[in-house]
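Reader: Hey, got a minute to walk me through a fold? Drop it in here and I'll fire off questions.

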Amino acid sequence: MKVTVFGFEDCPFCQKTKRFLQARGVEYEVRDIELDEEAAAECKRISGDLAVPVTTIDGKNYVVGFDKRKIEELLASA
Amino acid sequence: MSIYDFTVKTKRGEDKSLADYKGKVLLVVNTASKCGFTSQLKELQKLYDDYKDKGLEILGFPCNQFAGQEPGTNDEVQQFCKLNYGVTFTIFAKGDVRGETAQPLFKYLTAQKKFEGFDMNHPVAKPLLDALQKNFPEYLEGDGIKWNFTKFLINRDGEVVARFEPTTTPASIAKDIEKLL
């Protein structure tokens, strides 16, 4: 399972999402939409917006924001 | 001393003299990081779209000093952040706007126009005040910037004519801008 978190450095909810995944022992990749234009384009393609964090596994199903319950559901669906 | 004597840093780190804006009506705003109050960015953009051809410039100064104080409980506050994408007015380099480390421009602006309280009719006023009293009571003292989206209106002669707190929406100051254009 490869989890990707789109976010940027100053975003506290992105930090919370990362800590949440760490605590659950989930491996994830971080993509910075502020520094990396490709990551921004990808984030927009997936969610239609540049609101982050966006957590996704397959690039189709995703969760916007630090919503523990929805992130749990997303992980369980994989 | 006037606003035209100040030099600020662009996002690329270059110097920009505010004298370059002589003759324009200016709205100087400390913009949020990218979390909370983002609807004000949208409204500021609307003001810019409506009035830029008549001589309005909006100068945004991002600041991290207020990042920790999201007003309201976690249930009420959106749990996401958004980049300033879609904003076409000028956003300068990130920097401090209050306290000892404040950029000189903001020391000048807050000395010109004092803090006169929040508009308590704004829905966020009460939670914002509560959050400040609880976490940063010192921010409430004096005339320093209290939170993101404090707006200063400057006329074509460089005079600071008004200060609007975060609790005054950009849309509601359109009439004040029109008077100066």
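Author: Here is a quick tour, starting with the overall layout; keep in mind that this is a predicted model.

Reader: Cool. How many helices and strands in chain A?

Author: Chain A has three helices and five strands. Reading from the N terminus, the elements go β-α-β-α-β-β-β-α.

Reader: And what's the radius of gyration of chain A?

Author: The value is 11 Å, close to the 12 Å from the globule rule for 78 residues, so chain A is as compact as a globular protein of that length. Its C-alpha trace spans about 30 × 25 × 20 Å along the principal axes.

Reader: What share of the residues count as buried?

Author: That would be 28% of the 78 residues in chain A.

Reader: OK, on to the sheet. What's the strand order?

Author: In chain A, four strands form an open sheet in the order 2-1-4-5, and the pairing is mixed. Strand 2 (28–32) and strand 5 (62–64) of chain A are the edge strands, each pairing on one side only. From one strand to the next, the twist averages 20°.

Reader: How do strand 1 and strand 2 of chain A run, parallel or antiparallel?

Author: Parallel, with five bridges joining strand 1 (residues 3–7) to strand 2 of chain A. One of the bridge pairs is A:Val3 with A:Tyr28 in strand 2.

Reader: Which helix packs on the sheet?

Author: Helix 2 (residues 37–47) of chain A does, touching strand 1, strand 2, strand 4 (54–56) and strand 5 of chain A. The direction of helix 2 makes about 75° with that of strand 4 of chain A.

Definitions and conventions
Residues are numbered from 1 along each chain as its sequence is written. Chains are lettered from A and ligands numbered from 1 in the order in which they are written. This is a predicted model: local features need pLDDT of at least 70, side-chain atom pairs count only at pLDDT 80 or more; totals for chains, interfaces and linings use all residues. Two strands pair if DSSP finds at least two bridges between them. Helices (H or I, at least four residues) and strands (E, at least two) are DSSP runs, numbered from the N terminus. Axes are lines fitted to C-alpha atoms, for helices over the stretch in contact, and angles run from 0 to 180 degrees between N-to-C directions. Two residues are in contact if their C-beta atoms, placed from the backbone, lie within 7 Å. The radius of gyration is taken over C-alpha atoms; the globule rule is 2.2 Å times the number of residues to the power 0.38. A residue is buried if 20 or more other C-beta atoms lie within 10 Å of its own, exposed if 12 or fewer, and partly exposed in between; C-beta atoms are placed from the backbone.
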